[in-house]
Amino acid sequence: MDSIRAENLAIAYDENTIIEALNLQIPRGKMTAIIGPNGCGKSTVLKALGRILRPRNGLVYLNGKEISTLSTREVARKMAILPQCPTAPAGLTVGELVAYGRFPHQRGFGKLNAEDRRIIVWALAVSGLAELQERFVDLLSGGQRQRVWIAMALAQQTELILLDEPTTYLDLPHQLEVLELLGDLNKKQGSTIVMVLHDLNLAARFADYMIAMRDGAIVCQGAPGEVMVPGVLRDVFQIDAEVVNETRTGRPVCVTYDLVRSLSSHS
């Protein structure tokens with residue numbers, strides 16, 4: 001059974017239809033990367049899957065149940081979502097923000113118990129934030145803030161994590177740290193990870209499954225070797241790409257590319 005799927009999904013902002021009649025299945029226990037050009041609907045789909053956006057038509061199912069029928073707390077126990085550029089109230093420390101990830105699991109007056117504290121310490125440690133837990137979030141760098149939000153999602157301890165551009169603001173080493181951390185969660189705990197990524201090579205390196213979108217529709221989906229091919233990249237991004245298999249990972253890598261229209265204009 002798929003962890004999350006959408007049937008006949010249609011999404012619009014006012015009268016502007018972004019997604020129309022989209023069917024999507026996310027494989028359970030895999031890392032999935034959604035790729036595509038700006039404005040193609042990647043983030044819109046992720047928001048609909050995470051119940052941030054209400055679709056105009058169609059249904060989203062979480063573990064076989066229609067997500068709109070579930071309570072907010074029940075959804076939050078099963079799925080964490082990290083949107084683009086999240087903001088925190090002023091005056092919160094790193095530790096306090098990460099602790100919010102435990103809210104769906106708390107009972108009664110919402111006090112943290114020993115298990116909550118253990119998980120918060122773990123989330124801070126694996127995110128490289130243990131030494132910053134007393135710092136105010138609004139005084140951190142963009143990259144540090146991004147890691148705090150990821151730590152909060154990790155503290156939520158869900159079987160499904162949706163992330164919209166999780167490597168935003170991060171330099172190359174920290175991009176790798178975040179994606180390796182998500183990869184460890186996937187492999188060691190069986191977490192299903194769904195990411196919107198702009199970097200094609202990072203998507204192909206870390207994802208088990210890729211979904212390529214253009215103009216609100218899925219152009220191609222499958223293993224990285226099936227999606228990261230010149231024909232698909234031409235259709236999706238309008239680029240003429242050279243793709244090779246990287247020697248260390250065996251994964252496909254886009255080594256260079258040209259705009260298709262620039263090639264045709266010189267022919």
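Buried means under 20% relative accessible area, exposed means over 50%, and partly exposed lies in between. Keep these cut-offs at hand as you work through the exercises on this predicted model.

**Exercise 1. A pair with Asp240**

Task: Is Asp240 buried, exposed or partly exposed, and which residue forms a salt bridge with Asp240?

Solution:
- Step 1. Look up the accessibility: Asp240 has a relative accessible area of 30%.
- Step 2. Apply the cut-offs: partly exposed lies between under 20% and over 50%, so Asp240 is partly exposed.
- Step 3. Find the partner: Asp240 forms a salt bridge with Arg234, and their closest N and O atoms are 3.2 Å apart.
- Step 4. Classify the partner too: Arg234, with a relative accessible area of 36%, is partly exposed.

**Exercise 2. Two further salt bridges**

Task: How many salt bridges are counted, and what are the N to O distances for Arg5 with Glu7 and for Glu246 with Arg248?

Solution:
- Step 1. Start with the rule: a side-chain nitrogen of Lys or Arg must lie within 4 Å of a carboxyl oxygen of Asp or Glu. The count by this rule is seven salt bridges.
- Step 2. Take Arg5 and Glu7: their side chains meet in a salt bridge at 2.3 Å, N to O. Arg5 is partly exposed at 23%, and Glu7 is partly exposed at 35%.
- Step 3. Take Glu246 and Arg248: the closest N and O atoms of this salt bridge are 3.7 Å apart. Glu246 is partly exposed, with 22% relative accessible area, whereas Arg248 is exposed, with 78%.

**Exercise 3. The surroundings of β8**

Task: Which strands pair with β8, and are its residues buried or exposed?

Solution:
- Step 1. Locate the strand: β8 covers residues 192-196.
- Step 2. Check the pairing with β3 (residues 31-35): the two strands run parallel and share four bridges. Met31 has Ile193 of β8 as its bridge partner.
- Step 3. Check the pairing with β7: this is also parallel, over five bridges. Here Leu160 stands opposite Thr192 of β8.
- Step 4. Turn to burial: five of the five residues of β8 are buried. Thr192, Val194 and Val196 lie on one side, Ile193 and Met195 on the other, and both faces are covered.

**Exercise 4. An open sheet**

Task: What is the strand order in the open sheet of four strands, and why is one side of β2 and of β5 left without a neighbour in the sheet?

Solution:
- Step 1. Read the order: β2-β1-β4-β5, with antiparallel pairing.
- Step 2. Look at the edges: β2 (16-26) and β5 (65-66) each have a single partner strand, so one side of each has no neighbour in the sheet.
- Step 3. Move to β1 (residues 4-13) and β4 (residues 57-62): five bridges join these antiparallel strands. Ile4 stands opposite Leu62 in β4.

**Exercise 5. Helix α1**

Task: How many of the eight residues of α1 are buried, and which residue with a positive phi follows the helix?

Solution:
- Step 1. Count: seven of the eight residues of α1 (residues 42-49) are buried, so the helix is largely enclosed by the rest of the structure.
- Step 2. Name them: the buried residues are Lys42, Ser43, Thr44, Val45, Leu46, Ala48 and Leu49.
- Step 3. Step past the helix: Arg51 follows α1, and its phi is positive, near 65°.

**Exercise 6. A charged patch**

Task: Which residues form the negative surface patch, and where is Asp171 placed?

Solution:
- Step 1. List the members: Asp171, Glu177, Glu180 and Asp184.
- Step 2. Place Asp171: this residue is in the loop between β7 (160-164) and α6 (172-189).
- Step 3. Check the accessibility: Asp171 counts as partly exposed at 39%.

Notes
Residues numbered from 1 in each chain as written. Predicted model: local features only at pLDDT ≥ 70, side-chain atom pairs only at ≥ 80, totals over all residues. Heavy atoms only, no water. Patch = residues over 30% accessible without salt bridge, like charges linked within 9 Å, V, L, I, M, F, W, Y side chains within 5 Å. Areas by Shrake-Rupley, 256 points an atom, 1.4 Å probe, with all protein chains shown as cover. Lys, Arg positive; Asp, Glu negative; His and termini not counted. Charge placed at Lys NZ, Arg CZ, Asp CG, Glu CD. Buried < 20%, exposed > 50% of the residue type's maximum accessible area, 1.4 Å probe, protein only. Pairing = 2+ DSSP bridges.
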